[in-house]
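Hi,

Here is the structure I promised to pass on. Have a look at it first, and my notes follow below.

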Amino acid sequence: MKMHNFNAGPSVLPQEVLKKASEAVLNFNNSNLSLLEISHRSADFVAVMENTRQLVLELLGLEGKGYQALFLQGGASLEFLMCAYNLLPINGKAAYLDTGVWSSGAIKEAKLLGEVIVVASSKDKTYHYIPKNYNIPADAAYFHCTSNNTIYGTQIKSFPKVNTLMVCDMSSDIFSRQLDFSKFDMIYAGAQKNMGPAGTTLVVVNERILGKTGRTIPSMLDYQTHIAKDSMYNTPTVFAVYVSMLTLQWLKDLGGIAAIEKINNAKAALLYAEIDNNPNFEGLASKEDRSNMNVTFILKDDTKKEAFDALWKAAGIVGIKGHRSAGGYRASMYNALALESVQALVNVMKQVK
Ligand SMILES: *Cc1c(COP(=O)(O)O)cnc(C)c1O
């Protein structure tokens, strides 16, 4: 049976990417060796790393603008600390927007290194909206936000204009919609939501913002170390980078972010229309802030839960149970999830009596 994979992360990848990846595990580039048993310094793998970094900048429209794309380890969770290490000067302060568990995690780490101003928070309504009209202190070294809140299903539609550096955790919506990415000085994203498998983290950083904190940064936590060594300071996660490359190539062949955004918009429109029109369901996120990637909703009448759960399971749908801290349901609709999978979910929602 065809499975409809709505997992939040790790999550759905294109079938053709999985097929090519499995071939490379057995015989990489007709070398009769596995991708997993060759040196990361071999010409074949160096080409993979270079190509992947290049694809990132190309898809984001950031070529020739001073940006570097890095593939690091430690997840987006380590970037919470690393961005502060690299951008928050000794005795400086940073401004953070708190839109959920992941933002709070970033705030917690930055506090280890300096003063953090939380400019606004949506915690008062369990993060089901995006705060607006807040002030960012003029003396903040940078402003940090989370573009898409994976757990609550909210997404920043309009980013604030800032007079300082702009840092964004785009773990769950990078490459899903067109933005002027040059407005961001630094972007990071764990690969496992919308770019590839778990194991690597993408960091896109403008080189000109680095080296200004006055801190001694441990080598592994210093972006300049990784830039100088082309993301090969230590052994990179070869498989995760390779599969990310295949996924980015798949996206480029499809027509890039502009093309996938249209499909993502169609998927979101289809599911939100059902949530709004079907009296059995209710969306959790404030309408104007609804995420096109993670759709959160509840059944209004809990006694229908057993019937609904049986329906979607029988239809081959997986991964729509809500996050443990939000409850209800969450359908994650990353780039590789087909419109027909969303249609399958809508069809079973219609069957709830
Ligand atoms: C999943 C997620 C994280 C955590 O990513 P890890 O790679 O597991 O550290 C951080 N931020 C956002 C927005 C996420 O969705």
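Let's start with R290, which sits in the loop between strand 11 (281-283) and strand 12 (294-299); strands here are DSSP E runs of at least two residues and helices are H or I runs of at least four, numbered from the N terminus. R290 has a relative accessible area of 10%, so it counts as buried (under 20%, with exposed over 50% and partly exposed in between; 1.4 Å probe, protein chains only). Leaving out residues up to four places away in sequence, R290 touches G153, Q155, K157, Y272, I275, D276, G283 and A285, where contact means heavy atoms within 4.5 Å.

Before the helices, some housekeeping. This is a predicted model, with local features needing pLDDT of at least 70 and side-chain atom pairs counting only at 80 or more, while totals for chains, interfaces and linings use all residues. Residues are numbered from 1 along each chain as its sequence is written, and side-chain values use heavy atoms, without hydrogens or water.

Now helix 3 (residues 75-87): its end C-alpha atoms are 18 Å apart, in agreement with the 18 Å expected for 13 residues (1.5 Å times one less than the number of residues). Of those 13 residues, 10 are buried, including F80, M82 and Y85.

Helix 3 also packs against helix 4 (residues 101-110) at about 40°, with the axes 8 Å apart; the axes are lines fitted to C-alpha atoms over the stretch in contact, and angles run from 0 to 180 degrees between N-to-C directions. On the helix 3 side, S77, F80, L81 and A84 meet W102, G105, A106, E109 and A110 of helix 4.

Cheers
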